[in-house]
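Subject: A structure for you to look at

Hi,

Here is the structure I said I would pass along. Have a look at it first, and then read on for what turned up.

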Amino acid sequence: MEQEMKIVTRQETFTDLAVRELGKTRAACFCKVQFKRCSKEKCAVCPQHKNLESCRQAMSDYDRLRLDSYTAEYYAEFSKNPMAWMNHKEYVRHFTRFMLAFIGFFILIFGILGLMLAM
């Protein structure tokens, strides 16, 4: 059996990796606020938010643009699944509304079918 060796090189600096990771963290924070796991008031005093802003202020203009781009990219990806970011109370409220709409739909359909069969 032949032995296989793979050599992987990356043309990515630590700064590139750091900017991408900060973008991911920032996008997660935006999703938490949007889907009510965190509030804007809590976010303003959150140590993670303070660290993110401190890092962002220390970046060059170019890195800030890249950070904004990565944040938008990850935000688009993360916000596709809003239930992953909801707190329990919001999740229960969302599920309850869905189930009520689902039951209401079937009541409406069976009501229409009942009227059609009665005629």
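In what order do the elements of the protein chain run from the N terminus on? They go α-α-α-α-α, so what you have is a chain with 5 helices and 0 strands. Please keep in mind that this is a predicted model.

**The overall picture**

The radius of gyration of the protein chain is 24 Å, while the globule rule gives 14 Å for 119 residues, so the chain is more spread out than a compact globule. If you box in the C-alpha atoms along the principal axes, you get roughly 75 × 60 × 25 Å. Buried residues come to 20% of the 119 in the chain. The exposed surface is about 9700 Å², with carbon and sulfur atoms supplying 63% of it. As for contacts, take those between residues at least 6 apart in sequence: 72% of them join residues at least 24 apart.

One pair gives a feel for the distances: Glu-21 and Ala-101 sit 80 residues apart in sequence and 39 Å apart in space, C-alpha to C-alpha. Glu-21 belongs to helix H1 and is partly exposed, with a relative accessible area of 36%.

**Helix H4**

I'd start with H4, which covers residues 61-78. Its 18 residues reach 25 Å from the first C-alpha to the last, close to the 26 Å expected at 1.5 Å a residue. Which residues of H4 are buried? They are Asp-63, Arg-66, Leu-67, Thr-71, Tyr-74 and Phe-78. Looking down the axis of H4, these buried residues fall within an arc of 140°, so they line one face of the helix. In general, an α-helix has 3.6 residues a turn, so residues three or four places apart point the same way. On the other side of H4 you'll find Asp-61, Tyr-62 and Leu-65 exposed.

What do the buried residues of H4 pack against? The partners are helix H1 (14-34) and helix H3 (47-58).

Thr-71 is a nice residue to click on. This H4 residue is buried, with a relative accessible area of 4%. Leaving out residues up to four places away in sequence, Thr-71 touches Gly-23, Arg-26, Ala-27 and Phe-30. For a contrast, try Pro-47 in helix H3, which counts as exposed at 58% relative accessibility. Pro-47 and Thr-71 are 24 residues apart in sequence, and their C-alpha atoms are 19 Å apart in space.

**Helix H1 and what follows it**

H1 has 21 residues, which should span 30 Å at 1.5 Å a residue, and its end C-alpha atoms are indeed 30 Å apart. The buried residues of H1 are Asp-16, Val-19, Arg-20, Leu-22, Gly-23, Arg-26, Ala-27, Ala-28, Cys-29 and Cys-31. H3 and H4 are included in what covers them.

Just after H1, look for Lys-36, which takes a positive phi of about 65°. Lys-36 is in the loop between H1 and helix H2 (40-45), and it is a residue other than glycine. Lys-36 also turns up as a contact of Glu-90: leaving aside neighbours within four places in sequence, Glu-90 is in contact with Phe-35 and Lys-36. Glu-90 lies in helix H5 (residues 88-118) and counts as buried at 15% relative accessibility.

**The nonpolar cores**

In soluble globular proteins, nonpolar side chains tend to be buried together. Which residues make up the largest nonpolar core here? There are 8 in all: Ala-27, Ala-28, Cys-31, Phe-35, Tyr-74, Phe-78, Trp-85 and Met-86. H1 and H4 are the elements that give two or more residues to this core, and H1 gives the most, with 3 residues. A second, separate core has 6 residues, among them Leu-22, Cys-29, Leu-52 and Leu-67.

To see the larger core from the H4 side, pick Phe-78. Not counting residues up to four places away in sequence, Phe-78 touches Lys-24, Ala-27, Ala-28, Cys-31 and Trp-85.

That's the tour. Have fun turning it around on screen!

Cheers

How values were computed
Residues are numbered from 1 along each chain as its sequence is written. This is a predicted model: local features need pLDDT of at least 70, side-chain atom pairs count only at pLDDT 80 or more; totals for chains, interfaces and linings use all residues. Side-chain values use heavy atoms; hydrogens and water are left out. The expected span of a helix is 1.5 Å times one less than its number of residues. Buried means under 20% relative accessible area, exposed over 50%, partly exposed in between (1.4 Å probe, protein chains only). The arc is that of the directions from the helix axis to the C-beta atoms. Contact means heavy atoms within 4.5 Å. The radius of gyration is taken over C-alpha atoms; the globule rule is 2.2 Å times the number of residues to the power 0.38. Accessible areas come from the Shrake-Rupley method with a 1.4 Å probe; for residues, only the protein chains shown count as cover. A nonpolar core is a set of buried Ala, Val, Leu, Ile, Met, Phe, Trp, Tyr and Cys residues joined through side-chain atoms within 4.5 Å.
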